[in-house]
Amino acid sequence: MRDHHHGDADRPVDQAAVICGIGAELPPTALSNADLCTRLDTTDEWIRSRTGIAQRHIAGADVSTEDMAVSAGARALRSFGSRRVQALVLATTTPDRCCPATAHAVASRLGLSGVPALDLAAGCTGFLYGLATAAGFIASRMAEAVLVIGADRLSTLPARGDRTTVPLFGDGAGAVVLRRGQACEDGAIGPVVLGSDGTHGDLIQAPRAGTLRMQGSEVFRHAVDRMASASTQAATAAGWRMQDVDRLVPHQANARITSFVARQLDVPAERQLHNIHSVGNTGAASIPLLLAQAAADGRLKAGHRVLLAAFGAGLTWGATTVTWPDLTP
Ligand code: UT7
């Protein structure tokens, strides 16, 4: 993901992909636990205590993954201050159709017709797979800058009336722009650790919308183990000790999962970012949405050393590091 060349001072310079724009989109309709209790055999107390979720945002029937991706992508391009990107990666588990991919329509609506664009499916780890893919496009000199979007309508996956899955999921999108830069700059993405294990593919399955089956407690165990070990590997690969981490940004699957991960890593509560209480599990959107919100409200500041970790269906997992840049979402 990095290469060496000789700079003006005739010293090797580590190249890297650098975050230089960010944006997000949440559908306006929030569905509270109390709203859910009118249609599911559940309680606000159960959902809050087992998951940390108080509400989730739900896209209307007329709002597609494409629509949310376009909104988040447009904001990220505005924050970058340019439309000059040469590729688009859309991480999603809920593309609008089998064929063609959703990314092409997103690119065209953003005024990027002609650039290479692809959908990338890696469950809730999709955004980190997307960052690695975009960094590869930049390292291979295919692109100077790449738009990476995570967008999902996970609320469409559970079966209606399934109290074990309906409360968990919400809809949304988040996006960043990566550009070619140097590893020493704020915003530079560190080494990305990724993995997958299809032998456990049956733990989270949805052959199509409305058919999700999840073995919750098994998934819970794998999520904690994989996010903690990927985080340790990514921090070590970046040359960070865990006490160097100013902000842990884990995929928002369940507040109990993320607090177990933080405990295993020994990251104190004030260094953990979360938004699961207000958005639920938004899949590939989870990490960029949380980054955008935290950058906007000051929980995330320029210079913070940030550790990102994700886990999802596949099974898939990943982690990486970034020193947060000075950005306006
Ligand atoms: O992005 C990655 C994808 N997914 C995840 O990361 C999810 C990971 N797993 C989880 O978050 C948790 O396992 C859940 C939140 C899904 C479930 O929590 P749990 O503490 O593992 O509960 P459980 O599945 O062991 O169920 C405990 C009880 C069961 O009743 P019995 O069999 O003990 O009588 C469930 O039927 O809770 C019951 N239950 C509910 N009760 C009220 C399950 N869902 C509900 C509900 N309201 N919504």
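By class, how many nonpolar, polar and charged residues does the shell around the ligand have? In this predicted model, the shell holds 11 nonpolar, 8 polar and 4 charged residues.

The ligand is surrounded by 23 residues, and those that come nearest are Thr-42, Arg-50, Arg-163, Asn-254 and Asn-281. Three of these names return when polar atom pairs are listed. In the side chain of Arg-50, an N or O atom is 2.8 Å from an oxygen atom of the ligand. Arg-163 takes part through its backbone, where a polar atom is 2.8 Å from a nitrogen atom of the ligand. For Asn-254, a polar side-chain atom lies 2.7 Å from a ligand oxygen atom. Taken alone, the ligand exposes 950 Å², and 72% of that area is buried by the protein.

Which elements give two or more residues to the shell around the ligand? They are α2 (44-51), α6 (216-238) and α7 (255-265). Of the elements, α6 gives the most, with 4 residues.

The next level is the domain. The protein is divided into domain 1, residues 15-182, and domain 2, residues 193-323. Each of the two domains supplies at least three residues to the shell around the ligand. The C-alpha centres of domain 1 and domain 2 are 15 Å apart. Across the boundary, 45 residues of domain 1 are in contact with 41 residues of domain 2. The size of an interface is often given as the accessible area lost when the parts come together. Between domain 1 and domain 2 the buried area is about 3,000 Å², with carbon and sulfur atoms giving 69% of it.

The backbone also has some local features to inspect. Cys-99 and Pro-100 are joined by a cis peptide bond, with omega about 0°. Pro-100 is in the loop between β5 (87-91) and α4 (102-109). Another cis peptide bond runs from Gly-314 to Leu-315, where omega is near -5°. Leu-315 has its place in the loop between β13 (305-312) and β14 (316-323).

Positive phi values are found in residues other than glycine as well. Arg-141 has a phi near 70°, and this residue sits in the loop between α5 (126-139) and β7 (145-153). Asp-266 is not a glycine either, yet its phi is positive at about 65°. Asp-266 belongs to the loop between α7 and α8 (276-279); α7 is also one of the elements that give two or more residues to the shell around the ligand.

Conventions: Residues are numbered from 1 along each chain as its sequence is written. This is a predicted model: local features need pLDDT of at least 70, side-chain atom pairs count only at pLDDT 80 or more; totals for chains, interfaces and linings use all residues. Side-chain values use heavy atoms; hydrogens and water are left out. A residue is near a molecule or strand if one of its heavy atoms lies within 4 Å of it. A polar contact is a pair of N or O atoms within 3.5 Å; within protein, one must be able to donate a hydrogen and the other to accept it, and residues adjacent in sequence count only if both atoms are side-chain atoms. Accessible areas come from the Shrake-Rupley method with a 1.4 Å probe; for residues, only the protein chains shown count as cover. Ala, Val, Leu, Ile, Met, Phe, Trp, Tyr, Cys and Pro count as nonpolar, Asp, Glu, Lys and Arg as charged, and the others, Gly among them, as polar. Domain bounds come from an automatic or database domain assignment. Contact means heavy atoms within 4.5 Å. Buried area is the accessible area (1.4 Å probe) that two parts lose on being put together, summed over both.
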